[in-house]
Amino acid sequence: MKQLMLGNAAAARGLYEAGCEFISSYPGTPSTEITEEAAKFKDIYCEWAPNEKVALESAFGACLAGRRAFCGMKHVGLNVAADPLYTMSYTGVNAGLVIGVADDPGMHSSQNEQDSRHHAIASKVPMIEPADSEEARRFSAIAFEISEKFDTPVLYKMCTRVAHSQSITETVERNLPEHKPYEKNIQKYVMAPANAIRRHPFVEQRMKDIENWSETSGINRIEEGNGKGQILGHEDSKTGIITSSTSYQYVKEVLGDRIKILKLGMVNPLPANMIRNFAEGLEALIVVEELDPIIENFCRSLELGIKIYGKDILPLCGEFSQNIIASSLGLSADTGRKLNINIPVRPPIMCAGCPHRGMFYALNKLKVTVFGDIGCYTLGSVAPLSAMDVTLCMGASFSGLHGWNKSAGADNEKKSVAIIGDSTFMHSGMTGLASIAYNQSNSTVIILDNSITGMTGHQQNPTTGKNLYGDPAGKVNLEALARAMGINRVRVVDPYNIAECESAVKEEIAVEEPSLIISRRPCALLKEVKHKAPLKVDQDKCKSCKMCMKIGCPAIAMKNGKAKIDDTLCVGCGVCEQMCKFDAFKEQQ
C-alpha cells in the first residue's frame, strides 16, 4: 500500500516489516520518532534506555538471544555508544543488529555538526544511508540482511532532512525470520586480548567482502545523464556526480537528468571498482556531500586521473540546499518569492510557566558561575536570564564543576554551581555526582527535575515512574540515590518560589561539603499539569519599571509603556508577581 510517510516513521515501518523484535534507544533529535513510531507496533518491544551506551548494549544482548534488534540515537549519542560499538565490530552478532544514527547538519538542535561516517570508518562497520522515506523503509530490511550475512552490526544513517521530510512509501507485510539459537562461543564473544587479536583479521576481511557485495547489490546505483550543456566548464556528457542522502535530492532538483550520477546507498565501505568504472571516460567528477569530504577524499585516493571537485566549490559547514548546489555549480539560483513584510525574529526561549525560570533568575541575581548541561534548560543561557557560563555535552556540568572547584580555589567554590536535568542526570550525570562525593569537592549541584525528558518532546525516563508506553515502571528516587552516593546535604525547592531558590543556593554554596539541590516542578507543557488562570496587570499600579521583563517570559510584553499579559500563553505560575514591587500582577477573578 502506498502512503505519504515521515522518514523516521518509514524507518520504523521498515523495522517492523523486517521482523525486528527489540528496540532500545535514547531520545535525540532528529532520531526520536523512529522509536516512538516503532512502539506503535505491538510485535516490537520498545524502551527508552538511560543513555545510548546502555541502549546499544541492551540491543546487543537481544541480538545474541536470536532476535533482530535496533538501537536509535542522534549523532552525539553515537559518541556515548562508541565503546561497545567498536568492540561489537570484533564480536559480530547472532541475529541482525542495526544501529540508527541521525546527523544534524546545520545544528538545528545540536551542539556540533559531527559527521557519523567517521565512526563507521574507525569502527570498521558498514553504514548505509537512505535518501528518502521509501529508501528509509527498504534500507531497514537491507540493514538486517547485511548484518546477518556478514556477521556485523550495521550503522543506519539518517539526517535531519530525510528524518523529518515526507515522501511516498509502499509498505509490505511483516516477515519474521526464524529465531537464531544462541551458541556459546568464547573465542567470538569474549573480547579478552587473545581472542580480540584473532578477531581483527576477520573484521578486515569482512569489510572487503561487504565492499565486493556493494558493487553489485544494487544499493549503489548509476543514473545516466542526457544533458547537452556545460557544468564548471565541462560538457555534461563528460561530467559525473557522486552523492548520497539528501544531497542526492538537491542535485536531482537542480540538474534533473542532465548529469550522470552515482547515487550511493552504502557510504562505508565505498565501492572502489564501481567508482573507477563510473569515472571512466569522464573529464570531471563532482562530489556532493554534506559536512566532511569523506567520499571526495576516497575518490582522490583512487587517483582517477580526472578533475575532482568537492569542498573547493561546496561548503564544508552547514547543510546544503538547492540554491547552494546551483550556485556552487555556476548555475542561477531560484530567488523564489519574498514577503513584503518583515517577520519579527523569534529566538528560542523557555516556555511560559517553565519551571526552570525561577531558579535561573536566582542564579543570575547571585552572579554565580554556572556549569550548564544539555537540555531545554540550556536556554537559561539566553538573555535576559543569561544564567549559564558553559555547556559542553550530556552530563558534563557536574564533572566540570568538580574540576573547577578543585583547581580554582576556595573563593571560587563559593561562587559556582552546576545544573542538570533529571533525564540528563540519569543519562550521564550520576558519575559526575559520584566523583564529587568520592573526591570531596565543595560543589553545589542542582538537578532541574521537570518530571520528563523535555528537550526531545516529552519522553519518559527512569525518574518519571513510567515507561515508553506510559505504563507504571520503576522510579529512581533522586534524593535517596544522592544520599547513597555519599551526598549528605540534599534539599528540594519549588522553582516557582524565587526567594526559596535564592536562599537555598546561598546556603548550600556556603557549606564546606558537597550538596545537592533538587529544583522540582513538572514541565508546564505536560498534559496532566493543571494550570491556574492567567494573571492580569493592574495598569494603574504598573510603574513601567520593567522588572517583570527580567525573567524573559514570552507571556509578558510592554504595550504603551505598561506590562501586559498574553492570556493565551500565561499559566498563572506567579513568578512575575514576585518580581513586581508595586503589586501590579493579580489573579483574575
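Here a trainee and a mentor talk through cysteines and a sheet in a predicted model.

Trainee: How many disulfides does the count give?

Mentor: Zero. A disulfide is a covalent bond between the sulfur atoms of two cysteines.

Trainee: How do you know that Cys523 is in no disulfide?

Mentor: Check the distance. The nearest cysteine sulfur, in Cys351, is 6.4 Å away. The cut-off is within 2.5 Å, so Cys523 has no bond there.

Trainee: What rules out a bond for Cys548?

Mentor: The closest cysteine sulfur belongs to Cys545 and lies 6.4 Å from that of Cys548. That is too far for a bond, because a disulfide needs sulfurs within 2.5 Å.

Trainee: Why is Cys523 called buried?

Mentor: Its relative accessibility is 11%. Buried means under 20%, so Cys523 counts as buried.

Trainee: Is Cys548 buried or exposed?

Mentor: Buried. Its value is 7%, and the limit is under 20%.

Trainee: Now the sheet. What makes β18 and β21 edge strands?

Mentor: Each pairs on one side only. The sheet is open, with six strands in the order β18-β17-β19-β20-β22-β21 and parallel pairing.

Trainee: How do you know that β19 and β20 pair?

Mentor: Count the bridges. Five join β19 (residues 416-421) to β20 (residues 444-449). Pairing takes at least two, so these strands pair. They run parallel. Ile420 has Ile447 in β20 as its bridge partner.

Trainee: Which helix lies across β19 and β20?

Mentor: Helix α17 (residues 422-439), at about 145° to β19. Helix α18 (residues 478-485) packs on the sheet too, touching β20, β21 and β22.

Notes:
Residues numbered from 1 in each chain as written. Predicted model: local features only at pLDDT ≥ 70, side-chain atom pairs only at ≥ 80, totals over all residues. Heavy atoms only, no water. Buried < 20%, exposed > 50% of the residue type's maximum accessible area, 1.4 Å probe, protein only. Helix = DSSP H or I, 4+ residues; strand = E, 2+ residues; numbered from the N terminus. Contact = heavy atoms within 4.5 Å. Axes fitted to C-alpha atoms, helices over the stretch in contact; angles between N-to-C directions.
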